[in-house]
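Please open the structure in the viewer and keep the selection tool at hand. The stops below follow one another in order.

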Amino acid sequence: MSNDQPRNNDLFEELLRESARVAADFDADESEYDPDPQQELSDRHALRRVKGFSTELQDISDAEYRQLQLERVVLVGVWTEGSAEMAENSLAELKALAETAGSEVLDGLIQRRDKPDPATYIGSGKVIELRQIVASSGADTVICDGELSPSQLRQLEDKLKVKVVDRTALILDIFAQHAKSKEGKAQVELAQIAYLLPRLRGWGDSLSRQVGGRAAGGAGIGGRGPGETKIETDRRRIRDKMAKLRREIAEMKVSRDTKRQERKRFNIPSVAIAGYTNAGKSSLLNRLTNAGVLVENALFATLDPTVRKTHTADGRTYTLSDTVGFVRHLPHQLVDAFKSTLEEVSGADLIVHVVDGSHPDPFEQIRAVREVITDIGGGDIPEIIAINKVDSANPEVVMEILRKEKNSYAFSARTGFGIEGLVHAIEKSLPQPNIEINSIIPYNRGDLVNAIHETGEILSEEYVESGTAIHARVGASLAKAIEAVEKPY
């Protein structure tokens, strides 16, 4: 290897190391993932970057081949539509994302344009201004509030001489930091590779260097022989890695689908808690079920879905699912990779849409979440709007949401205010069993009586000589089982 070859010049070697770590996790037993929320929270806060150690970027083109190491950053956004307040809120959200990733935000710029510049995302004059700010502030990274094309990324890095990261890469980096389960890690890795593949580029002769067969190039079995360049080899091997990850995710999906089918077979209603990131979904689940899910005032604190069983006031069983948070312009790579996780939302009987009532623009959050829910096939599912953080929200904003959203309820997961009303609304909105039975069930089939209590609606119950006389509404499968053993009533 020549001395002038840049460091970390092979993305695939880095991805191989990451996949080896994920593969080791796959060999472990699934039941081993039972995190302690307090320990996980302390672990996240234990490691912080040391100030003063700036990222050295000798060759700017190797930015895509290294893990994000954000330290001191400048934000830049393009305001193309909406009001100035909406543009400022979007940049404020980007600031929160950057801080969640562990960086220190130094400054932020917004440019008003009809559409982003196709060459550099922002205009040439704003590039000069941005370069001066980067130089004067000592920033080592620029984060753009949008997804950059490979050419825009390259042009900005060439002109600014610092690493440039877009919104998508930033969100992917946060997901990589917070994923804990085997499935979550594999999904994040797949999303990262899908994002990086079109942005893969080489240096110098790696763009034109050709292998000369197995003896000369060392490509081995599977190589395309003479004429295949180094970057072509990298791309092919990365696609092979993506195919392997998709197979592994599909295998893990079987377990989730099996559990979901079992719940449907026994007519157990499912409620999905969805909403914008950091709206308080995990806090609500903890308040309702004592689930012990990690709670942190940070974006995308919880990625791995949690399903908990609970009961209505009359004894019916239903499940509550905490899901990954949504955000404006959620990267499509994440939507594709987290499809099996997001099915907890699209396959639910009811969606509890948690809204941050203290946010400057909650209606934009509602719109963004509904857009994602529609994209994953959950647009027709009944929805309850649950307005959280009313203890710190502007009362006028909360009242406006209550007026505009007909099925909305205000509550505070922190203080417990309004929880009882929200629970009553959830129980009232659950699908009701539609088959009415009037039967006597023998005493030796107590399992059926218990199933009626858990999944059905009891109208009357009486103990007689030959068994338990029950008048109830139940699901189709349970009605069929009762019909096989019932005695005339």
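Begin with the sheet of this predicted model: select its four strands, which form an open sheet with parallel pairing. Read across the sheet, their order is β2-β1-β3-β4. Next, colour β2 (104–112) and β4 (163–166), the two strands at the edges. Each of them has a single partner strand, so one side of each is left without a neighbour in the sheet. Turn the view to follow the twist, which averages 25 degrees from one strand to the next.

Now restrict the selection to β3, residues 141–144, together with β4. These two strands run parallel and are joined by four bridges. Which residue of β4 stands opposite V142? Display the side chains here: the residue facing V142 is V164.

Keep β3 and β4 visible and add helix α5, residues 150–160. The helix lies across both strands, and its direction makes an angle of about 145 degrees with that of β4.

The last stop concerns enclosed space. Rolling a probe the size of a water molecule over the atoms shows where empty space is left. In this model the count comes to two cavities of 30 Å³ or more. Go to the second largest cavity, whose volume is about 40 Å³. To display its lining, select F175, V324, G325, L330, L334, V335, F338 and L342. What is the character of the lining of the second largest cavity: nonpolar, polar or charged? Seven of the lining residues are nonpolar and one is polar, while none is charged.

How values were computed: Residues numbered from 1 in each chain as written. Predicted model: local features only at pLDDT ≥ 70, side-chain atom pairs only at ≥ 80, totals over all residues. Heavy atoms only, no water. Pairing = 2+ DSSP bridges. Axes fitted to C-alpha atoms, helices over the stretch in contact; angles between N-to-C directions. Contact = heavy atoms within 4.5 Å. 1 Å grid on protein atoms, 1.4 Å probe; cavity = no way out; pocket = protein on both sides within 12 Å on 5 of 7 lines; lining within 4 Å. Points joined across faces, edges and corners; volume = space filled by probe spheres on them. Nonpolar A, V, L, I, M, F, W, Y, C, P; charged D, E, K, R; others polar.
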